[in-house]
Amino acid sequence: MNYLVSTALSLSVAAFASAAAAEDKRVLTFGIVPQQSASRLAQMWGPFLQELSERTDVEFRFQTAKDIPTFEACLAEGAYDVAYMNPMHYAIFAEESAYRAIARQAKKRLKGVIVARADADIENLSALNGSTVAFPSPGAFGASILTRATLNEQAVAFEPAYVKSHDSVYRAVAAGLMPAGGGVTRTFNAVAPEIKAQLKIIYETQGYTPHAIAGHADIGSETIDNIQAAFMQIATESPDLVSGIGMVGFELAQDSDWDDVRSLGMAREDTGISQAGDTVCPSD
């Protein structure tokens, strides 16, 4: 056989084998809580998920939802194979939907913040009495559950306005549409500089165990263990990918890490977290 023909044939066979291997690769959905816009989340998480795919020989497909209640309904259905969810989501859906903790952000305690315009004459929570306050959704842990609880504890009367995402809260307050809004330190620090420059933090809550990265039991314990190992490897060997998603590193996680959240003793119906319904989720 002619050398060039032989070489071309070998390359074609190799390419075919590579394509076939790619087609046979297991595909898992990775759901991200929609604290920010879908385009922003995809930009942040895309490189990380690509590296995670290469290290686990599993193709992870980015998923989010139009808003946090829809994301919660999909968690309730167990629609995401792996998900980045808030602390109260994990406390609920580990029990209701068989999610198992994989990792959490290192050196982090999740705190809710309440922000106002930088030029507003609002220096404390009492100044918000009788106001409408923006929140991402009823079930957003730091940005809504903790901040609403704080306002209630301090006897501040307020009307909640749910605007779907953390970014929407910050933009609404910066634009003067709301006098104040709830967020968390990570998303506040990640918001567009021109928006952040118009805001100030007037209150910060107590800290709790941060968001969970968790796998659904249906993907199998071996796969969950492999994903967990890959997270630790990426944190050590590719810290730029971790900083790209707004974190400084990862810690191995176990279910009991979120006992501080459970100790709040909040009834399921009081969390405002959505349950499964008519939502169309990735597994549908």
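A salt bridge is taken here as a side-chain nitrogen of Lys or Arg within 4 Å of a carboxyl oxygen of Asp or Glu. In this predicted model, Arg-104 and Asp-257 form such a pair, their closest N and O atoms being 3.2 Å apart. The two residues come from distant parts of the chain, for Arg-104 belongs to strand 4 (residues 99–105), whereas Asp-257 is found in the loop between strand 11 (250–252) and helix 11 (259–262), with the two positions 153 residues apart in sequence. Both Arg-104 and Asp-257 are buried.

Under the criterion stated above, the model contains 13 salt bridges. Some of these share partners, and in this way Glu-51, Arg-55 and Glu-237 are joined into one network.

A further salt bridge is formed by Glu-96 and Arg-268, for which the closest N and O atoms are 2.9 Å apart. This pair, too, links distant parts of the chain, with Glu-96 placed in helix 4 (residues 87–96) and Arg-268 in helix 12 (residues 268–271), at a sequence separation of 172 residues. The two partners fall into separate accessibility classes: Arg-268 counts as buried because its relative accessibility of 18% is under the 20% cut-off, while Glu-96, at 44% relative accessibility, counts as partly exposed, a class that lies between 20% and 50%.

Helix 4 also holds Ile-92, a residue that is buried, with a relative accessible area of 10%. When residues up to four places away in sequence are set aside, Ile-92 touches Arg-268, Thr-271 and Ile-273. Arg-268 therefore takes part in two of the relations described here, as a contact of Ile-92 and as the salt-bridge partner of Glu-96, the definition of the latter resting on the 4 Å limit between nitrogen and oxygen. By contrast with these contacts, Ile-92 and Thr-236 are 31 Å apart in space, C-alpha to C-alpha, and 144 residues apart in sequence.

Arg-61 and Glu-59 form another of the salt bridges, with a distance of 3.2 Å between the closest N and O atoms. Here Arg-61 is classed as partly exposed on account of a relative accessibility of 43%, and Glu-59, with a relative accessible area of 28%, is likewise partly exposed. The accessibility of the partners thus varies among the pairs described, from Arg-104 and Asp-257, which are both buried, to Arg-61, which is partly exposed, and Glu-59, which is also partly exposed.

Definitions and conventions
Residues are numbered from 1 along each chain as its sequence is written. This is a predicted model: local features need pLDDT of at least 70, side-chain atom pairs count only at pLDDT 80 or more; totals for chains, interfaces and linings use all residues. Side-chain values use heavy atoms; hydrogens and water are left out. Buried means under 20% relative accessible area, exposed over 50%, partly exposed in between (1.4 Å probe, protein chains only). Helices (H or I, at least four residues) and strands (E, at least two) are DSSP runs, numbered from the N terminus. Contact means heavy atoms within 4.5 Å.
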